[in-house]
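Q: Please take a close look at one buried spot in this structure and describe what surrounds it. Start with the chain as a whole, then work inwards and back out.

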Amino acid sequence: MIEPTTDNVTTETVTTETVTTETVTTDADTPRTPVQVDFWIDPGCPFCWATARWAVDEVMPHRDIEITWRPISLFVKNRPDPGSSYHEVTQFTHGLLRVLESVRTTDGNEGVFRLYWEFGSRIHHDEDRSFDPAKALAEVGLDETHAAAFGDDAWDGVIGASMDEALELVGDDVGTPIIALENADGVRAGYFGPVISRVPSTDKSVAMWDALVAMTDVDSFFELKRTRTEAPDPGDRPSPH
């Protein structure tokens, strides 16, 4: 029988080192905060509607932004002559702004967006500028009692304060839409526009958004403009939100 032996056996000592594993976080792993965008609207403005469609339909699916819909009244700002057709139209949409602000108190910005989308669809696609706000509220599942705000001037203070904030950013020689966001320097910057007659293709829409963001970083930039040569084209009626 062969007995185990330790003769001529070389013993090696193995040292085990403790390895510390460090977790590396990349930019892709870091949750991003959406860019907060303020968008001032008057439901009756067709150019504002085209820009809103651009932002919602083409920009939001490709850029991480959150839009807060804010009121600006062309009836208050432009003071149209009583008896004129523009006076009648803007007075009606001023009442719609009151309803939107009433909805904000119960359903927040999401409710405002849903109702603005319904208002815009009726005005710019159905060409209805005298509808009952209660029916629009019902269509998007909101409380019809908000329609009482249409004739209630108690809401005008809220609308006026919102307008003052917008005009402080961009000046008085403007219309709708007005868009504001925080630029790369952490400064809130805003512009009147972009004014478009129709929604561009997706690639051009996204490029236009990126250009707008870049312009907010240049505090000496004020204006680009050319004469409009075509009427606004609202495109297809959007699906309800």
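A: **From the chain to one histidine**

The chain has six helices and four strands. This is a predicted model, and from the N terminus its elements follow the order β-α-β-α-α-α-α-β-β-α. Of the 241 residues in the chain, 41% are buried. Among contacts with a separation of 6 or more, 72% join residues that are 24 or more positions apart. The chain exposes about 14,600 Å², and carbon and sulfur atoms supply 49% of that area.

The spot to examine is histidine 125, in the loop between helix 3 (85–124) and helix 4 (133–139). Is this residue buried or exposed? Histidine 125 counts as buried because its relative accessibility is 18%, and the limit for buried is under 20%. Its side chain reaches two backbone atoms: the oxygen of glycine 235 at 3.3 Å and the nitrogen of arginine 237 at 3.5 Å. Leaving aside residues up to four places away in sequence, histidine 125 touches Trp49, Arg53, Gly120, Pro234, Gly235, Asp236, Arg237 and Pro238. Two of these neighbours, Trp49 and Arg53, are worth following further.

Take tryptophan 49 to begin with. At 1% relative accessibility, tryptophan 49 is buried. The structure holds 13 aromatic pairs. In one of them, tryptophan 49 and tryptophan 117 are tilted, with 4.8 Å between centres and 50° between planes. Tryptophan 49 belongs to helix 1 (residues 46–59) and tryptophan 117 to helix 3, so this pair ties together parts that are 68 residues apart in sequence. Tryptophan 117 is also buried, with a relative accessible area of 1%. Both tryptophans are members of one aromatic cluster, made up of Phe39, Trp49, Trp69, Phe113, Tyr116 and Trp117.

The other neighbour is arginine 53. With 10% relative accessibility, arginine 53 counts as buried. Side chains of opposite charge can pair when their charged atoms come close. Arginine 53 forms a salt bridge with aspartate 57, and the closest N and O atoms are 2.7 Å apart. The two residues are four apart in helix 1, so about one helical turn separates them. Aspartate 57 is partly exposed, with a relative accessible area of 30%.

The loop that holds histidine 125 also has a part in another ring pair. Phenylalanine 92 lies in helix 3 and phenylalanine 131 in the loop between helix 3 and helix 4, so their pair ties together parts that are 39 residues apart in sequence. Both phenylalanines are buried. In addition, the charged end of arginine 122 sits over the ring of phenylalanine 131, 5.4 Å from its centre.

Back at the level of the chain, the salt bridges number 11. One of them joins the side chains of arginine 70 and glutamate 165, at 2.8 Å from N to O. Arginine 70 is in strand 2 (residues 65–71) and glutamate 165 in helix 5 (residues 156–170), so this bridge ties together parts that are 95 residues apart in sequence. Glutamate 165 also meets arginine 188 in a salt bridge, at 2.9 Å. Through shared partners, salt bridges join Asp38, Arg70, Glu165 and Arg188 into one network.

Definitions and conventions: Residues numbered from 1 in each chain as written. Predicted model: local features only at pLDDT ≥ 70, side-chain atom pairs only at ≥ 80, totals over all residues. Heavy atoms only, no water. Buried < 20%, exposed > 50% of the residue type's maximum accessible area, 1.4 Å probe, protein only. Polar contact = N/O pair within 3.5 Å; in protein donor to acceptor, adjacent residues only side chain to side chain. Contact = heavy atoms within 4.5 Å. Areas by Shrake-Rupley, 256 points an atom, 1.4 Å probe, with all protein chains shown as cover. Phe/Tyr/Trp six-rings, centres within 6.5 Å; stacked < 30°, edge-to-face > 60°. Lys NZ or Arg CZ within 6 Å of the ring centre and 35° of its normal. Salt bridge = Lys/Arg side-chain N within 4 Å of Asp/Glu carboxyl O.
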